[in-house]
Structure formats: structure tokens, C-alpha cells
Amino acid sequence: MDAAQKPYTEIEILNQLDLAFKGIPNEYYPDGNKGDIKYNFILDLEHGYCVTASSRIHLYADKNRWAIVLEKSGYQNRGGDAEIELNYFGNCINCPVDKYPERNYISNSHNIVLISGDEYERIRNKEGSDMEQFELISPSANEVVVQGGKIKIEHDSSKYIHFGISPRNFDNPKHLIGFDDLVRYLNETNPTVISARENEIKEHIPADIPKLMTVGNFHFESIYRHPALPSSQETYQLLAKILAARDPSLWKPTLKPNNHWSNWTSGNL
């Protein structure tokens, strides 16, 4: 019997999440070729290279197949664009493979560009000191292209502050909006435009696997400060129960949701 056709359990699901926490590929990864490199990622709301804007969890399952997709969006301060990162777990994942002449890179992660580096360059402030031009948006830029669609740029900093988004206070005498501020503001005012579309989420899982639910608010525990394996965390335990029973009504967390970006420091490297 194919591995993806065997009945699965809560223990299998939690074991797979624990492996990702440790960065160890699971049994469902393709064998690959000699020299290939394999990565296994898990949700990180504190990553130093990404200013986090949003996060969600998607659950899919039928009798023999299961999948968890952890979604995060934000501004990539080293890559220079805004992206969605999708991390996949399950017994039916078509692992993303980046192919190069010398080796392949196999992982459980897929990235979707929201605002390209070229688009940020187009709307970048080009006046004043070097720092005034660094990752700040021109006050004359009226629209930004997000995943192919045009979105009006709000320049009133007080509206950002209303949501707890504080534009950079150093080397910013005109109180211009930052590249990262914009993504967080969109999360607060128009979250759909920075969220993965269903066809994008399902790109690496079977098209016919039923969706059980999307979780937008959940309790997250730091993977750096007093880290604990997913199998010991309430959120992941509940996800495993829901998948094993295929019953979304089992989502009854007792811990307060804290996955909003304002609860975590990110993008500080």
C-alpha cells in the first residue's frame, strides 16, 4: 500500500511537525539525487529577515490523506520584496524542488511574491538623504501593484499609527511610509490582497483533497525563547485532533490567540 494511502493518526501528524521543528526531512520527502539538499521549515513569526504581517493555518483531509499548510506574509528585508511563505506538512505533499545544475533543493516551503522588488523600486522615495530613500515610499506614489492588482497607497501616517504601525522615526523627517509598514497596513485594512489564494495554497497538495477549515487566530509559541516541540503545544495538538477526526468543531482552544504581528518582533536583522 502506498504511504499516502495508509490510515493516519494524531501521533503521525505531531511527529511530522516535530521533525520540522528540528529541521529534519520526513519520510514523505522524495529521495532526490546524491548531493541534493533538503530543508524542512515550520512557522516562524520572529524571523529576522521577514517583517511579519499576517499568518493563517489551513487544514485538509480525507480518510487516508492529510495536509497542514502554514501561511505567513510579510516584507522580506533582505530579499527586497513582499512575499507569502507557505509551509506544507502531510502524507500527500508534492514537495517544492528548486533545480540547479549542481544539485536540487527540496523543501516543504513555497513562496509567492506579493510586491516585487521592481515595484518597490518604482514607488521608492528618491529624494533627500540616502537613508530617506531607503525602504521608504514616495509621497507621490499613488498606487502599488500587489499580486497583479492595483491598490491605493495610504500616506496618512496617523492611520497607520491607529493600527499600531509606527513609521520609522529616524532619518525620516517627512514621516514617510516604509515598505514594511505598507504590508502591515494592508493586513489591517484589506487582508485578502496579501493572503494566498486557494489555488496557490493547493499547488503542492492534491487538487481533490477536501478542505476542513482555515484558522486565522491562534496561539503561537516562540521557536527561540523557551522553545517547545509542536507535539507539546495546544495549537498543534488541536490541529492533529481535527485532522484525525476530520471534525473542525474540535477547534476549541483554551489559550488566547497571539499570532498577530504586533505580539512579535521580526525583521530586525
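On the surface of this predicted model, Met 131, Phe 134 and Phe 170 come together as a nonpolar patch, and their accessible area adds up to about 280 Å². Phe 170 sits in the loop that runs between α3 (157-162) and α4 (179-189). With a relative accessibility of 46%, Phe 170 falls in the partly exposed class, because that class covers whatever lies between under 20% (buried) and over 50% (exposed).

The loop between α3 and α4 turns up again with Asp 171. Asp 171 has a phi near 50°, which is positive even though the residue is not a glycine. That is worth a second look, since most residues other than glycine have a negative phi. Like Phe 170, which is partly exposed, Asp 171 counts as partly exposed, here at 40% relative accessibility.

Further along the α3-α4 loop comes Lys 174, whose side chain meets that of Glu 127 in a salt bridge, at 4.0 Å from N to O. Glu 127 belongs to the loop between α2 (117-123) and β8, so this contact ties together parts that are 47 residues apart in sequence. Both partners, Lys 174 and Glu 127, are exposed.

The helix that follows the loop is another matter. α4 is mostly covered, with eight of its eleven residues buried. The buried residues of α4 are Phe 179, Asp 181, Leu 182, Val 183, Arg 184, Tyr 185, Leu 186 and Asn 187. One of these, Leu 182, can be set against Ile 242: 60 residues separate the two along the chain, and their C-alpha atoms are 35 Å apart. Ile 242 is part of helix α6 (residues 234-245) and is buried too, at 0% relative accessibility.

As for salt bridges, the whole structure has eleven. One of them joins the side chains of Asp 208 and Arg 65, with an N to O distance of 2.9 Å. Asp 208 is in the loop between α5 (198-201) and β10 (211-215), while Arg 65 is in the loop between β2 (50-61) and β3, so the pair links parts that are 143 residues apart in sequence. The two ends of this bridge sit in opposite surroundings: Asp 208 is exposed at 56% relative accessibility, whereas Arg 65 is buried at 14%. Asp 62 also takes part, in a network of salt bridges with Arg 65 and Asp 208. Another pair is Glu 154 and Lys 159, whose side chains meet at 3.4 Å, N to O. Here Glu 154 is buried, with a relative accessible area of 16%, and Lys 159 is partly exposed, with 37%.

Turning to the strands, β8 (residues 143-146) and β9 (residues 149-152) run antiparallel and are paired over four bridges. Val 146 has Gly 149 of β9 as its bridge partner. The two strands make a hairpin, with two residues between them. Gln 147 lies in that connection between β8 and β9, and has a positive phi of about 50° without being a glycine. Gln 147 is buried, at a relative accessible area of 15%, whereas Asp 171, also with a positive phi, is partly exposed.

There is also an open sheet of three strands, in the order β1-β6-β5 and with mixed pairing. β1 (37-38) and β5 (97-99) are at the edges with a single partner strand each, so one side of each has no neighbour in the sheet. The pairing of β1 with β6 (residues 104-106) is parallel, over two bridges, and within it Ile 37 has Tyr 105 of β6 as its bridge partner.

Finally, the pockets. The largest pocket has a volume of about 610 Å³. Its lining is made up of 24 residues, and the ones closest to the centre are Tyr 39, Phe 41, Glu 85, Ser 109 and Asn 111. The elements that give two or more residues to this lining are α1 (10-22), β3 (66-76) and β7 (109-115). β7 gives the most, with three residues.

Note on methods
Residues are numbered from 1 along each chain as its sequence is written. This is a predicted model: local features need pLDDT of at least 70, side-chain atom pairs count only at pLDDT 80 or more; totals for chains, interfaces and linings use all residues. Side-chain values use heavy atoms; hydrogens and water are left out. Two strands pair if DSSP finds at least two bridges between them. Patches are made of residues with over 30% relative accessible area and no salt bridge: like charges are joined within 9 Å, nonpolar side chains (Val, Leu, Ile, Met, Phe, Trp, Tyr) within 5 Å. Accessible areas come from the Shrake-Rupley method with a 1.4 Å probe; for residues, only the protein chains shown count as cover. Buried means under 20% relative accessible area, exposed over 50%, partly exposed in between (1.4 Å probe, protein chains only). On a 1 Å grid over the protein atoms alone, a cavity is a set of points where a 1.4 Å probe fits but cannot get out, and a pocket is an open set with protein on both sides within 12 Å along at least five of seven lines; lining residues have an atom within 4 Å of a point. Grid points are joined across faces, edges and corners, and a volume is the space filled by probe spheres set on the points.
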